[in-house]
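Here is a structure to read term by term. Each question asks why a label applies.

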Amino acid sequence: MKILFVLGAYLKSRIRVMVAFVLFILVFAMVYALYYLPLEPIVYSTELVMALAVVFAGLDFVQFYQKHQRLTEGISRATAGVGELPKPRDLLEVDYQTLTRVLAENRAELISQFDNRQTDMIDYYTLWAHQIKTPISAMGLLLQTEEGDRERTSTYAQELFKIEQYVEMVLQYLRLESMSSDLLLVEYDLADLIRQAVKKYSIIFINKKISLELEEMNCRVLTDEKWLIFVLEQIISNALKYTNQGKISIYLDEHSEKTLIISDTGVGIREEDIKRIFDRGFTGYNGRMDKKSTGIGLYLSQQVLNKLSHVITVTSQVGKGTRVSIDLATKRFEAL
């Protein structure tokens, strides 16, 4: 099929030559006819010219096909440069190749400039995120020693905790591209990882009076501790954000021993929003009503879980709550 495609392209590119050839044959035929020459030499000369035309066309097609192959291979290998191009046949091809090289060089320069700006930006925000942790920690210590209205102090501590979590989200977002080099895959006790994530949000559970149902579980999973805890924190944070009363339940799916379920009795997610909740920056109806959602948490969670060979799915009913399932079974990794 490819050879037929190339042949069609070749015939299309040589259509003017073929039309000119046919016209020349007709001119010769008319001259022979006007001079009342015998038919035999007309047929003989036409056959001879046709035979030569087929030979030259065949050679020309072979060169055309070889050039197409070299260009195709060059396209597949091309990155910042154009590589080795076929030898130009005429001045126009020289001009086209020169233009291609100039465009490739400009593209490479733009990519280099973009990469440098991107690196500078990542370095700046990483430095900012680390530096902002110092005053956050200082404010946390001051609140612990603060005497006075305990309820107000607790509210301040909760808001400070949210700031700290947003800063941590910035750091994880910046690290996402280089996450693969940061993975340490080991078998962990799932219950221990969950307790670490839940403990962080204990102050919000208390302040919002949300109860926690944490099922006893005996399950070991092959994962990266830091990144999986980050995902668990994001899901628990979302559950707390959109649950005003009731409870959050964490347990293993009865049909799959390595599928973790985190469900809440919150406001739920609209059906039209479910398919887009993992899109970067998508906040949905709840996020727009809350006016505090970034639309980054679930996006980061799915990206992290994909790299860990885990799978996340979400089901929800408006007014009844949301159920997040994380399939922690891994088949592509071996324990360290």
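What follows is a set of questions and answers on helix packing, aromatic rings and exposure.

Q: What kind of model is this, and how are residues numbered?
A: This is a predicted model, where local features need pLDDT of at least 70, side-chain atom pairs count only at pLDDT 80 or more, and totals for chains, interfaces and linings use all residues. Residues are numbered from 1 along each chain as its sequence is written, and side-chain values use heavy atoms, with hydrogens and water left out.

Q: Why is H4 called roughly antiparallel to H5?
A: Helix H4 spans residues 91-145 and helix H5 spans residues 150-175. Helices are DSSP runs (H or I, at least four residues), numbered from the N terminus. H4 and H5 pack at an angle of about 160°. Angles run from 0 to 180 degrees between N-to-C directions, and axes are lines fitted to C-alpha atoms over the stretch in contact. Under 35 degrees counts as roughly parallel, over 145 as roughly antiparallel, 65 to 115 as roughly perpendicular, and the rest as oblique. So H4 is roughly antiparallel to H5. Their axes are 10 Å apart.

Q: Which residues of H4 and H5 meet?
A: Contact means heavy atoms within 4.5 Å. Among those in H4 are Ile 122, Trp 128 and Leu 143; the H5 side includes Tyr 156, Leu 160 and Val 167. By class, the contact of H4 with H5 has 15 nonpolar, 4 polar and 4 charged residues. Nonpolar covers Ala, Val, Leu, Ile, Met, Phe, Trp, Tyr, Cys and Pro; charged covers Asp, Glu, Lys and Arg; the others, Gly among them, are polar.

Q: Why are H6 and H8 called oblique to each other?
A: H6 and H8 pack at an angle of about 50°, with their axes 9 Å apart. That angle falls in none of the named ranges, so H6 and H8 are oblique to each other. Leu 193 and Val 198 are among the H6 residues in this contact, and Leu 228 and Ile 236 are among those in H8. By class, the contact of H6 with H8 has 8 nonpolar, 1 polar and 3 charged residues.

Q: What makes Phe 161 and Tyr 201 an edge-to-face pair?
A: Their rings lie 5.0 Å centre to centre, with 90° between the planes. Rings of Phe, Tyr and Trp (its six-membered ring) pair if their centres lie within 6.5 Å; planes under 30 degrees apart count as stacked, over 60 as edge-to-face and the rest as tilted. Both tests are met, so the pair is edge-to-face. Phe 161 lies in helix H5 and Tyr 201 in the loop between H6 and H7, so the pair ties together parts that are 40 residues apart in sequence. Phe 161 and Tyr 201 are buried.

Q: What makes Trp 227 and Phe 230 an edge-to-face pair?
A: The distance is 6.3 Å centre to centre, and the planes are 85° apart. Both residues lie in helix H8, 3 residues apart, about one turn of the helix.

Q: Why is Ala 33 called partly exposed?
A: Ala 33 has a relative accessible area of 48%. Buried means under 20%, exposed over 50%, and partly exposed in between (1.4 Å probe, protein chains only). So Ala 33 is partly exposed. Ala 33 is found in helix H2.

Q: How do you know that Glu 271 is exposed?
A: Glu 271 has a relative accessible area of 71%, over the 50% limit, so Glu 271 is exposed. Glu 271 is found in helix H9.

Methods:
Helix = DSSP H or I, 4+ residues; strand = E, 2+ residues; numbered from the N terminus.
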